[in-house]
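Reader: I'm new to this one and would like a close look at a single part. Please start with what the record says, then walk me through the rest.

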Amino acid sequence: MNFLKKYRNFGVYCLFGFLASLLNIGIFDLAHNDFHIPLWIANTIAWFISNFFSFFVTKLYVFKSAMENFKKMLHEGIFFLVSRIFSLVFDDIFMIVAVFIFPWNNLIIKAIDQLIVGLFNYFSSKLIFNYQNRHLIERLKNLKAKRKSRNEI
């Protein structure tokens with residue numbers, strides 16, 4: 001039972017990450033293979049749509065971060081987007097290089113890419129939504145408030 005509690009977030013993230021990856025691969029396939037959109041553009045479109053989905057399911061179901069207010073959601077969304085931009089750059093470069101180097105089907109390469117990107121995304125999302133570190137965030141806010149009050153004196 002302790003094992004399940006300890007790895008719950010990772011397990012749930014894997015489930016929703018798998019769904020986000022399927023969404024990403026499906027959109028990429030449709031855009032690139034059916035609509036003949038250039039590879040990096042199709043990959044970027046797939047990234048945007050799957051990350052929009054991923055933000056909400058990661059926030060609500062993986063790390064159970066409440067929708068307290070718009071400001072908090074916007075703050076988390078910005079951090080989420082910035083962290084995911086790093087994965088987008090890797091994603092695009094990996095796809096372009098791998099498709100031209102390896103004679104494999106682009107969907108096989110995309111699946112490998114999604115596994116690598118998924119691991120990076122889990123750890124970056126954990127930093128954004130994991131409120132086991134909430135006490136650290138609260139301490140930083142308190143320090144900021146104390147400094148502000150000292151400056152007002």
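At which residues does UniProt place the feature "transmembrane region"? From there, take me to helix α2 and the contacts around it.

Author: Two quick notes before we dive in. This is a predicted model, where local features need pLDDT of at least 70 and side-chain atom pairs count only at pLDDT 80 or more, while totals for chains, interfaces and linings use all residues. Residues are numbered from 1 along each chain as its sequence is written, and side-chain values use heavy atoms, with hydrogens and water left out.

Now your question: an unreviewed UniProt entry puts "transmembrane region" at residues 12-31, 37-57, 78-102 and 108-129. Its positions are given in the numbering used here, with shortened feature names, and annotations may be inferred rather than shown by experiment. In the model, residues 12-31 are 100% helix and 0% strand, with end C-alpha atoms 28 Å apart. Helices (H or I, at least four residues) and strands (E, at least two) are DSSP runs, numbered from the N terminus. From the unreviewed entry also comes "domain: GtrA/DPMS transmembrane", covering residues 13-128. The ends of that span sit 14 Å apart, C-alpha to C-alpha, and 87% of the span is helix.

On to α2 itself, residues 8-34. Its 27 residues reach 38 Å from first C-alpha to last, close to the 39 Å expected, which is 1.5 Å times one less than the number of residues. Right after α2 comes H36, with a positive phi near 60°. Buried residues in α2 include V12, Y13, A20, N24 and F28; buried means under 20% relative accessible area, exposed over 50%, and partly exposed in between (1.4 Å probe, protein chains only). The buried residues of α2 pack against α3 (39-62), α4 (70-101) and α5 (106-129), where contact means heavy atoms within 4.5 Å.

What about the rings? The structure holds 10 aromatic pairs. F16 and Y61 are stacked, because their ring centres are 5.6 Å apart and their planes at 20°. This pair reaches across 45 residues, from F16 in α2 to Y61 in α3. (Rings of Phe, Tyr and Trp, its six-membered ring, pair if their centres lie within 6.5 Å; planes under 30 degrees apart are stacked, over 60 edge-to-face, and the rest tilted.) F16 counts as buried at 18% relative accessibility, while Y61, at 46%, is partly exposed. Ring pairs also join F10, Y13, Y122 and F123 into a cluster.

Then there's F28, with K110 lying over its face, 5.5 Å from the ring centre. A charge sits over a ring if NZ of Lys or CZ of Arg is within 6 Å of the ring centre and within 35 degrees of the ring normal.

Follow K110 and you meet D91, its salt-bridge partner, with the closest N and O atoms 3.4 Å apart. That bridge links K110 in α5 to D91 in α4, 19 residues apart. (A salt bridge is a side-chain nitrogen of Lys or Arg within 4 Å of a carboxyl oxygen of Asp or Glu.) K110 also bridges to D113, at 3.6 Å between the closest N and O atoms. K110 and D113 are 3 residues apart in α5, so about one helical turn separates them. D91, K110 and D113 thus make a network of salt bridges. K110 is buried at 0% relative accessibility, D91 is buried at 0%, and D113 is buried at 0% too.
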